[in-house]
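Let's take a walk through this protein together, going from the whole chain down to single residues. Keep the 3D view open as you read, and turn it whenever a new residue comes up.

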Amino acid sequence: QFWKRAGDILQKYSAGGWNGSTSATKFQKTIPLSKVKAEIGYSAADYFTMVFELITNRADVNLDDLSGTELETAETTLFREAIAESIRATMWLGDTSRSGGYNTFDGFIKRMTEDVGNGVNDIHKIDIPADFSDGSDPDAGENLLKNLWNNASDALKAFKPQGNLVYLVTSDVYAKYEEELDSASLEAAYLAKQNGRERLSYRGIPVIDVELSSYLQKFSEMPQSFAILTDRRNLALAVNTTDFPGSEIRMWYNPDLMENRQRAIFMAGCDYLLPELISLATPATAPQS
């Protein structure tokens, strides 16, 4: 829920009477959730030649069931990590109309691009130039971040003093901006070029690589480059579990197939909360699928 305070409510004092102002504007945003599941199965036979010969003298070894062993713990850890990464990738690139992977719920990119427009409640977008990566503009990365800021709404700019604004960019935009910083003729830039930079920022706003290049290459219908200026609290991921979904994994042993199985079922979804707190940049031409 969001509350917007009223405007100027001060009035000239009068001797009496009542001239009340309107109450605060209330707005509620609902994030749609989709039911998803993750399943994996593994057999003791898969590990026999690798590690079983090292622990055959232990009393707790079962040649069929891995329940309660270090191998089950390792598999569960990897399963949880896989769930976390799948949620992260879907949060950005999810598309329920896609026949391939990452289609359990719609991600930020699809929701934002579908809501681009000129209305009050639409997301306003600028274009990433076609020559962004060819080197014709030596300051293309900086200019892109600058244009995002210049075209941001007044409401978004007003959030800067709170310290939660962030540039979320693809790896090519991040690398281009970092390369431009390296070319600066300053001693600090010279040292940073040798030692590297732990993080980048522009005008005090962090620039973060969302690390989606390996996924974007698989989905040609998605913009291969993008940059977003927003308040980090404006992009929300929602799950219906009391803790992270990976903590609610059901594990059991199937004696018929001699296989240990793991399953996690939960609800997940994501959405942006307020469109005026987003400044979006994508390529000028729509990608061809």
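Of the 289 residues in the chain, 36% are buried. Do keep in mind that this is a predicted model. The chain exposes about 17,400 Å², and carbon and sulfur atoms supply 51% of that area. In terms of secondary structure, you will find 8 helices and 12 strands. The fold also brings together residues from distant parts of the sequence: among contacts between residues at least 6 apart, 73% join residues at least 24 apart.

Now let's go inside. In soluble globular proteins, nonpolar side chains tend to be buried together. Here the largest nonpolar core holds 33 residues, and the members that touch the most others are Trp92, Met112 and Ile228. Which elements give two or more residues to this core? They are the strands β3 (34-42), β5 (165-169), β11 (259-272) and β12 (278-283), together with the helices α2 (70-93), α3 (108-114) and α8 (213-216). Helix α2 provides the largest share, with 7 residues. To see how a member of the core is surrounded, pick out Met112: leaving aside residues up to four places away in sequence, Met112 touches Ile123, Ile228, Leu235, Tyr272, Ile278 and Leu280. There is also a second, separate core of 27 residues, which includes Leu156, Val173, Tyr174 and Ala236.

Phenylalanine 226 is a good next stop. This residue sits in the loop between α8 and β8, and its relative accessible area is 0%, so phenylalanine 226 is buried. Not counting residues up to four places away in sequence, its contacts include Trp92, Ile109, Ile128, Val210, Leu212 and Leu216. Val173 is also among the residues that phenylalanine 226 touches, and Val173 is a member of the second core. Another contact is Leu168; the C-alpha atoms of phenylalanine 226 and leucine 168 are 8.3 Å apart in space, although 58 residues separate them in sequence.

Val173 leads us to a pair of helices. Helix α4 (residues 140-150) and helix α6 (residues 171-182) have axes that come within 7 Å and cross at roughly 115°. Because of that angle, α4 counts as roughly perpendicular to α6. Where they meet, α4 contributes Ala140, Gly141, Glu142, Leu144 and Leu145, while α6 contributes Val173, Lys176, Tyr177 and Glu180.

Not every buried residue is nonpolar, so is asparagine 234 buried or exposed? Its relative accessibility is 3%, and therefore asparagine 234 counts as buried. Asparagine 234 lies in the loop between β8 (227-231) and β9 (235-239). What does its side chain reach? One partner is the backbone nitrogen of leucine 274, at 2.8 Å, and another is the side chain of threonine 230, in a polar contact of 3.4 Å. Beyond residues up to four places away in sequence, asparagine 234 touches Asp271, Tyr272, Leu273, Leu274, Leu277 and Ile278.

Back in helix α2, look for threonine 90. With a relative accessible area of 4%, threonine 90 is buried. Apart from neighbours within four places in sequence, threonine 90 is in contact with Tyr102, Thr104, Phe105 and Gly107.

Tyrosine 102 deserves a look of its own. Most residues other than glycine have a negative phi. Tyrosine 102, however, has a positive phi of about 55° although it is not a glycine. You will find tyrosine 102 in the loop between α2 and α3, where its 25% relative accessibility makes it partly exposed.

Methionine 258 also has a positive phi, of about 50°, although it is not a glycine. This residue lies in the loop between β10 (250-254) and β11, and at 41% relative accessibility methionine 258 counts as partly exposed.

From methionine 258 we can step across to serine 43, which touches Leu66 and Met258 when residues up to four places away in sequence are not counted. Serine 43 belongs to the loop between β3 and α1 (45-51) and is buried, at 17% relative accessibility. Measure along the sequence and serine 43 is 211 residues from asparagine 254, yet their C-alpha atoms are 9.7 Å apart in space.

Technical notes: Residues are numbered from 1 along each chain as its sequence is written. This is a predicted model: local features need pLDDT of at least 70, side-chain atom pairs count only at pLDDT 80 or more; totals for chains, interfaces and linings use all residues. Side-chain values use heavy atoms; hydrogens and water are left out. A nonpolar core is a set of buried Ala, Val, Leu, Ile, Met, Phe, Trp, Tyr and Cys residues joined through side-chain atoms within 4.5 Å. Buried means under 20% relative accessible area, exposed over 50%, partly exposed in between (1.4 Å probe, protein chains only). Helices (H or I, at least four residues) and strands (E, at least two) are DSSP runs, numbered from the N terminus. Contact means heavy atoms within 4.5 Å. Accessible areas come from the Shrake-Rupley method with a 1.4 Å probe; for residues, only the protein chains shown count as cover. A polar contact is a pair of N or O atoms within 3.5 Å; within protein, one must be able to donate a hydrogen and the other to accept it, and residues adjacent in sequence count only if both atoms are side-chain atoms. Axes are lines fitted to C-alpha atoms, for helices over the stretch in contact, and angles run from 0 to 180 degrees between N-to-C directions. Angles under 35 degrees count as roughly parallel, over 145 as roughly antiparallel, 65 to 115 as roughly perpendicular and the rest as oblique.
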